[in-house]
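Subject: A structure to look through

Dear colleague,

I am passing on a structure that I have been reading through, and I would be glad if you could keep it open beside this message. After it you will find what turned up, arranged by topic so that you can follow each point on the model.

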Amino acid sequence: MSKTNAIKLFEDKLVRSVWDDEKEEWFFSIVDVVEILTDSKDAKQYIKKMRARDDELNFNWGTICTPVEMVGKDGKKREIQSADTKGIFRIIQSIPSKKAEPFKQWLAKVGAKRLEQYQDPELSIKQGLEDYRRLGYSDDWINQRLKSIEIRKDLTDQWKAHNVEEGVQYATLTDIIYQAWAGKTAKEYKQYKGLKKENLRDNMTNEELVLNMLAELSATSITKAKNPQTLKENAECAHEGGNVAAVARRELESKTGRSVVTSLNAKDYFEAKIEEKDK
C-alpha cells in the first residue's frame with residue numbers, strides 16, 4: 001500500500017481509503033462506510049449483526065475483507081478492516097438502510113443495462129459513444145478509440161487462437177508491446193500519466209493512440225504469419241509488433257523534436273481546454 005487518501009462520500013463525512021499500487025485498487029474502511037450508511041453508534045457491532053443475518057456475506061467475509069493499515073481516529077496507524085469497490089458494494093447490499101437504498105437501486109439499474117448490452121452488443125457501442133462525448137472527447141478521437149478497440153480485439157483473438165491464456169499472460173504480452181514502442185510497461189505508463197483506475201488508452205493523445213494501434217496491428221499480423229504455439233513465441237511476435245511502432249515513433253520524434261510519449265492525461269487536457277475558453 002503506497003498512498004492514503006480521504007474520499008468524501010456523504011456531505012461532510014469521510015471514508016478512509018488506501019490505494020494499492022500492485023493491485024491497482026482502492027481499499028475503503030468498512031467501519032466508516034457502515035457508520036455513514038446506518039448512523040450506527042457502534043459500527044463494529046452492527047457489522048457483527050449484519051454478518052450473522054447474511055450467511056453468504058459471512059461465508060465470504062475472508063475474501064471480501066482485507067486488513068489494511070490506515071490512520072485511526074486516535075491518529076495512530078493500525079490495520080483496519082477494508083474492502084475494495086466490489087466488496088463495499090456487496091456489503092451495502094446487506095444494509096437495510098434508507099441511505100443504502102440509492103446504491104442498491106443504482107446497482108440494479110447497472111446490472112439490468114449490462115444484461116441488455118450483453119444481448120445486444122450495439123448498445124454497448126452506443127453507450128461508449130455517449131460516455132466519451134459526455135466526458136468531452138472529440139469525434140475524431142472517439143473514432144480512433146473505437147478503431148483501437150477493434151484492433152485490440154483482433155489481437156486478443158489471435159492470442160487466444162495461439163494458446164495464450166487470458167489474464168496474466170495477456171497482460172504480459174501487452175506489457176511487452178508497450179515496453180517495445182513506448183519504453184514503459186502498462187503500469188509504468190499509467191504512473192507516468194498520474195492514473196490509477198482510469199483506462200490508459202482513454203488517456204492517450206492522438207499520437208500515442210495511433211502508435212499503440214500500429215503496434216497491436218503489427219503484432220496481430222506477425223502472429224498470423226508466424227503461427228506461434230508457446231508463450232515465448234507469442235512474446236517474440238508481440239515484441240516485433242511493438243518495434244514496428246517504435247521505428248515510427250523515433251521517426252516522428254526526429255521530425256518534431258519532441259517526445260510522443262507524454263505525461264498528459266485526459267483530465268489535464270480537458271482542464272487546459274476549459275482554461276483556453278475562459279481566456
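The structure holds 13 salt bridges, and please bear in mind throughout that this is a predicted model.

For orientation, the protein chain has 13 helices and 5 strands, and of its 279 residues 37% are buried. If you take the contacts between residues at least 6 apart in sequence, 53% of them join residues at least 24 apart.

Salt bridges

Among the salt bridges is one between the side chains of Arg133 and Asp139, with 3.1 Å from N to O. Arg133 counts as partly exposed because its relative accessibility is 47%, and Asp139 is likewise partly exposed, at 43%.

Helix α12, which covers residues 231-256, contains both Arg249 and Glu253, 4 residues apart, or about one turn of the helix. These two form a salt bridge in which the closest N and O atoms are 2.8 Å apart. Are its two partners buried or exposed? Arg249 counts as buried, since its relative accessibility is 16%, and Glu253 is buried as well, with a relative accessible area of 19%; it helps to know here that buried means under 20%.

Glu251 and Lys255 also lie in α12, again 4 residues apart and so about one turn of the helix. Their side chains meet in a salt bridge of 3.7 Å, N to O, but here Glu251 is partly exposed, with a relative accessible area of 45%, while Lys255 counts as exposed at 65% relative accessibility. As background to these spacings, an α-helix has 3.6 residues a turn, so residues three or four places apart point the same way.

Elsewhere, Arg152, Arg201 and Glu216 are linked in a network of salt bridges.

The nonpolar cores

Which residues have the most contacts inside the largest nonpolar core? That core has 32 residues, and the ones with the most contacts inside it are Tyr137, Trp159, Ile177, Tyr178, Trp181, Tyr189 and Met204. At least two residues of this core come from each of α8 (139-161), α9 (168-182), α10 (186-192), α11 (206-226), α12 and α13 (266-278), and α9 gives the most, with 6 residues. A second, separate core has 24 residues, including Trp19, Trp26, Phe28 and Tyr46.

Two residues of the largest core may be worth finding on your screen. If you leave aside its neighbours within four places in sequence, Tyr137 is in contact with Tyr132, Ile142, Asp202, Ala266 and Phe270. Met204 lies in the loop between α10 and α11, and it is buried, with a relative accessible area of 4%. With neighbours within four places in sequence again set aside, Met204 is in contact with Trp141, Tyr178, Trp181, Tyr189, Lys193, Leu209 and Asn212. Met204 and Arg145 are 59 residues apart in sequence, and their C-alpha atoms are 9.5 Å apart in space.

Helix α11

Helix α11 has 21 residues, which at 1.5 Å a residue should span 30 Å, and its end C-alpha atoms are indeed 30 Å apart, so the two values agree. Its buried residues include Leu209, Asn212 and Glu216, and what covers the buried residues of this helix includes α8, α9, α10 and α12. Just after α11, Asn227 takes a positive phi of about 50 degrees.

Strand β3 and its partner

Strand β3, made up of residues 25-29, is mostly covered, for 4 of its 5 residues are buried. It is joined by 2 bridges to strand β5 (residues 77-83), and the two strands run antiparallel. Within this pairing, Ser29 stands opposite Ser82 in β5.

Cysteines

How many disulfides does a search of the whole structure find? The search finds 0 disulfides. In general, a disulfide is a covalent bond between the sulfur atoms of two cysteines. Among the cysteines, Cys65 counts as buried at 11% relative accessibility, and Cys237 is buried with a relative accessible area of 2%.

With best wishes

Methods. Residues numbered from 1 in each chain as written. Predicted model: local features only at pLDDT ≥ 70, side-chain atom pairs only at ≥ 80, totals over all residues. Heavy atoms only, no water. Buried < 20%, exposed > 50% of the residue type's maximum accessible area, 1.4 Å probe, protein only. Pairing = 2+ DSSP bridges. Salt bridge = Lys/Arg side-chain N within 4 Å of Asp/Glu carboxyl O. Core = buried A, V, L, I, M, F, W, Y, C linked by side-chain atoms within 4.5 Å. Contact = heavy atoms within 4.5 Å. Disulfide = S-S within 2.5 Å. Expected span 1.5 Å × (residues − 1).
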